[in-house]
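Colleague: Please take a close look at one part of this model for me. I want the largest pocket, what lines it, and how the elements around it are put together.

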Amino acid sequence: MTDYFDALETRSPDQRESELMASLAGQVAHAQAHSAAYAGILDGVRAADVNSREALARLPVTRKSELLQQQKASRAAGGDPFGGFSALVRGPQMSRVFASPGPIYEPEGSTRDYWRAGRALYAAGFRSGELVHNAFSYHMTPGAFILESGAHAVGCTVFPAGTGQTEQQLEAIAELQPNGYTGTPSFLRILIEKANETGTVIHSLTKASVGGEACPPSLTNWFKQQGVAVYQTYATADLGMVAYETAAREGLVLDEGVIVEIVRPGTGDPVPEGEVGELVVTTLNPAYPLIRFGTGDLSAMLPGPCPTGRTAPRIKGWMGRADQTTKVKGMFVHPAQVAEIARRFPEIVRVRLVVSGEMANDQMMLKVETDGSRAEGLEQRVGEAIREVTKLRGTVELLSPGSLPNDGKVIEDARKYE
């Protein structure tokens, strides 16, 4: 029995990068030809030239809010409910349609392991012939189907438990003796605590693949004490599986079917390795070819490969939300505006806009890391840029490199409302 789902996981980094970049150019061409939305977004782009990360970084980022807006506009006009992003047509090639909050509608293709979850389950110890208790929701959203398709790809049988009905679920676990659990960590904890309270024996559950919410180390350790090895996943309804935890417990390994960038929030500019930024994903799925899709989630790249031998890059995991838009004196200030201010001054390395004060007395200070070459009058000129871009007044504090926390924050709301 192999330790890996397939040979892709142990490719040399150079081979993986070469093959991903070759696939990227083909995916861009496919999106232009089969996705009306990307025909417009990538108008004028020569697909064959998009064969490197540098070329990819020059393409626009499409954020979830923009996808929603385009879907709504298309539906209001009586057009495609997917806003032109799907490359599928209804029929045998589109097995299901899902709805996420918004609503945003997502298509599901008919290919095996469409969401690419099998790799994550295999890394969590799920094996052929086992029974999986799937407690993700089967109602409208794709969560349950993402994990179910992955379980089938591994060779498992699935009990579609869904959500709620704790007592009935415990009865099913006690009688069917499933080997593993898929669902949120919070519901798994509810099941275990209820089983302990009622004396229900559910010792057959020895592993779990969880997602949908954070699972901090303290909770992972609690599960371990209960006899369940829990592994986290990071997946979205738009992209499918993006990254997964392994037995090394050192970050999340990127899936083999995506290209991931970490960009400065509010921009499409990649940040250096280790710096926190927004997770931007390009999927190689031809059915729903999302190019530079901004997830709105924060993370950071980890150095080096996974100790398990998987050679794909790793991310630190979910580290919060990237959309830090806030309202100051009745006006919205966006991360993109902060980025625009910084972009005007080549000596600026990083910035953070701190909004402070009490109710009805908002104050803005732009904290600016420079590269050490502080031109005369920089503070004043940055202050003028703040007013020009945001239409609000703000003070400026010049800092040396490395002074700001590495947490991905571009706007910090430090106001007090007591």
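Modeller: Here is the pocket, followed by the helix and strands around it. Keep in mind that this is a predicted model.

Start with the space itself. The largest pocket has a volume of about 1200 Å³. Its lining counts 41 residues. Closest to the centre are Gly211, Gly212, Glu213, Thr233 and Ala235. Four elements give two or more residues each to this lining: α6 (143–154), α9, β8 and β13 (293–299). Strand β8 provides the largest share, with five residues.

Now take Thr233. Thr233 sits in strand β8. Its relative accessible area is 15%. The cut-off for buried is under 20%, so Thr233 counts as buried. Beyond its neighbours within four places in sequence, Thr233 is in contact with Ala120, Ser209, Val210, Gly211, Met241, Ala243 and Tyr244. One of these, Gly211, is also among the residues closest to the pocket centre.

Next comes helix α9, residues 217–225. Which of its residues are buried? They are Leu219, Thr220, Trp222 and Phe223. These four lie on the same side of α9, because they cover an arc of only 155° around the axis. The general rule is that an α-helix has 3.6 residues a turn, so residues three or four places apart point the same way. The buried residues of α9 pack against α8 and β8 (229–236). The face turned away from that buried side carries Pro217, Ser218, Lys224 and Gln225, which are exposed. Just after α9, Gly227 takes a positive phi of about 90°.

Helix α8 leads on to the strands. Strand β6 covers residues 180–183. Both of its faces are covered. Gly180 and Thr182 are buried on one side, Tyr181 and Gly183 on the other. β6 pairs in the parallel sense with β4 (residues 131–134), over three bridges. In that pairing, Val132 stands opposite Gly180. β6 also pairs in the parallel sense with β7 (residues 207–210), over four bridges. There the bridge partner of Gly180 is Lys207. Between β6 and β7, the chain crosses through helix α8 (residues 185–198), and this β-α-β crossover is right-handed.

To tie it together: α8 links β6 to β7, and the buried residues of α9 pack against α8 and β8. Both α9 and β8 contribute to the pocket lining.

Note on methods. Residues are numbered from 1 along each chain as its sequence is written. This is a predicted model: local features need pLDDT of at least 70, side-chain atom pairs count only at pLDDT 80 or more; totals for chains, interfaces and linings use all residues. Side-chain values use heavy atoms; hydrogens and water are left out. Buried means under 20% relative accessible area, exposed over 50%, partly exposed in between (1.4 Å probe, protein chains only). Two strands pair if DSSP finds at least two bridges between them. A crossover is right-handed if, with the strands pointing away from the viewer, the path from the first strand over the helix to the second runs clockwise. The arc is that of the directions from the helix axis to the C-beta atoms. Contact means heavy atoms within 4.5 Å. On a 1 Å grid over the protein atoms alone, a cavity is a set of points where a 1.4 Å probe fits but cannot get out, and a pocket is an open set with protein on both sides within 12 Å along at least five of seven lines; lining residues have an atom within 4 Å of a point. Grid points are joined across faces, edges and corners, and a volume is the space filled by probe spheres set on the points.
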